[in-house]
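The following exercises concern side-chain contacts in a predicted model. Each task is followed by a solution worked in steps.

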Amino acid sequence: MASDRDEINALIKAVADTPRRDNSAYHQAMAEAREMFDKAEAALGGPVTMRAKTKLKPNGKYVVKWVFERAD
């Protein structure tokens with residue numbers, strides 16, 4: 001029983017000591033997305049709908065194309 005407890009404590013400590021993932025790129029992308037929606041609504045004069053197409057390039061980067069249209 002004590003060895004089980006020690007293993008669980010070691011596992012919890014290992015999880016707690018793992019480095020946190022850097023989500024700054026995700027947060028920056030979401031901020032830019034909100035800004036693009038605001039700009040599209042201003043340019044098109046009201047609510048908009050959006051379509052997105054994504055593509056994985058051979059170099060490992062994703063390309064995302066957004067198309068905004070007025071919501072009718």
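**Exercise 1. Determine how many salt bridges the model contains, and describe the ones formed within a helix.**

Step 1. The count comes to three salt bridges, where the criterion is a side-chain nitrogen of Lys or Arg within 4 Å of a carboxyl oxygen of Asp or Glu.

Step 2. In helix α1 (residues 2–17), aspartate 17 and lysine 13 are four residues apart, and thus about one helical turn separates them. Their closest N and O atoms are 2.9 Å apart. Aspartate 17 counts as exposed at 52% relative accessibility, and lysine 13 is likewise exposed, at 53%.

Step 3. Helix α2 holds the salt bridge of glutamate 35 with lysine 39, again four residues apart, or about one helical turn. Here the closest N and O atoms lie 3.3 Å apart. Glutamate 35 is partly exposed, with a relative accessible area of 39%, and lysine 39 is partly exposed at 47%.

**Exercise 2. Identify which parts of the chain are linked by the salt bridge between arginine 51 and glutamate 69.**

Step 1. The side chains of arginine 51 and glutamate 69 meet at 3.5 Å, N to O.

Step 2. Arginine 51 belongs to strand β1 (residues 48–56) and glutamate 69 to strand β2; with their positions 18 residues apart, the pair links distant parts of the chain.

Step 3. Both residues are partly exposed: arginine 51 has a relative accessible area of 47%, and glutamate 69 has 38%.

**Exercise 3. Classify the aromatic pairs in which phenylalanine 37 takes part.**

Step 1. A search of the whole structure yields three aromatic pairs.

Step 2. For phenylalanine 37 and tryptophan 66, the ring centres are 6.0 Å apart and the planes make an angle of 50°. Since this angle is neither under 30 degrees nor over 60, the pair is tilted. Phenylalanine 37 sits in helix α2 (residues 24–44) and tryptophan 66 in strand β2 (residues 62–70), 29 residues apart.

Step 3. Phenylalanine 37 and phenylalanine 68 have a centre-to-centre distance of 5.0 Å and an angle of 85° between the planes. The angle is over 60 degrees, so this pair is edge-to-face. Phenylalanine 37 lies in helix α2 and phenylalanine 68 in strand β2, so the pair ties together parts 31 residues apart in sequence.

Step 4. The relative accessible area is 29% for phenylalanine 37, 33% for tryptophan 66 and 22% for phenylalanine 68. Each value falls between the 20% and 50% limits, so these residues are partly exposed.

Step 5. Phe37, Trp66 and Phe68 together form one aromatic cluster.

Technical notes:
Residues numbered from 1 in each chain as written. Predicted model: local features only at pLDDT ≥ 70, side-chain atom pairs only at ≥ 80, totals over all residues. Heavy atoms only, no water. Phe/Tyr/Trp six-rings, centres within 6.5 Å; stacked < 30°, edge-to-face > 60°. Helix = DSSP H or I, 4+ residues; strand = E, 2+ residues; numbered from the N terminus. Buried < 20%, exposed > 50% of the residue type's maximum accessible area, 1.4 Å probe, protein only.
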